[in-house]
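Student: I'd like to go through this model and check what the labels on it rest on. Can we start with the surface?

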Amino acid sequence: MTLSTREARAAFADVVYADQQWVDAEFDTLISASFSEPPAPPPPAPPRVPPQPGSPSPPPRQLPSGPAAVTYPATGPDRGRQRSPPAHSLASAGPLPPAS
């Protein structure tokens, strides 16, 4: 008898989960082995050393020129076609009923 991969995985899961006490014991063992103590703190940051007197200061950061984002759609002959209203109009729907 040949099992598909899906059937083999399902059969394996059935065997593993058949004994809930074993699953709980394995889980507890894994957790206690992995988390026996809190993680080590990160290493301290290197000390900030002030510049030597008389040394030039670093150049200022240059911000990119131009707009950060375009907030309106581009229009005009070289910017593409502006969207137009739907092809059917209210005129083809017939006259409006009289206001009451």
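Tutor: Sure. Accessible areas here come from the Shrake-Rupley method with a 1.4 Å probe. For this chain, in a predicted model, the accessible surface comes to about 10,700 Å², and carbon and sulfur atoms hold 62% of that.

Student: How much of the chain is buried?

Tutor: Buried residues are 2% of the 100 in the protein chain. As for secondary structure, the chain has two helices and zero strands.

Student: What makes H1 a helix lying largely in the open?

Tutor: Buried means under 20% relative accessible area. Of the 13 residues of H1, one is buried, so H1 lies largely in the open.

Student: And how do you know what span to expect for H1?

Tutor: Take 1.5 Å times one less than the number of residues. H1, residues 5–17, reaches 18 Å from its first C-alpha to its last, close to the expected 18 Å.

Student: Why is Ile-31 called partly exposed?

Tutor: Partly exposed sits between the 20% and 50% cut-offs. Ile-31 has a relative accessible area of 36%, so it gets that label. Ile-31 belongs to helix H2, residues 20–34.

Student: What makes up the nonpolar patch on the surface?

Tutor: Phe-27, Ile-31 and Phe-35, with about 340 Å² of accessible area together. A patch residue needs over 30% relative accessible area, and Ile-31 has 36%.

Note on methods. Residues are numbered from 1 along each chain as its sequence is written. This is a predicted model: local features need pLDDT of at least 70, side-chain atom pairs count only at pLDDT 80 or more; totals for chains, interfaces and linings use all residues. Side-chain values use heavy atoms; hydrogens and water are left out. Helices (H or I, at least four residues) and strands (E, at least two) are DSSP runs, numbered from the N terminus. Buried means under 20% relative accessible area, exposed over 50%, partly exposed in between (1.4 Å probe, protein chains only). Patches are made of residues with over 30% relative accessible area and no salt bridge: like charges are joined within 9 Å, nonpolar side chains (Val, Leu, Ile, Met, Phe, Trp, Tyr) within 5 Å. A salt bridge is a side-chain nitrogen of Lys or Arg within 4 Å of a carboxyl oxygen of Asp or Glu.
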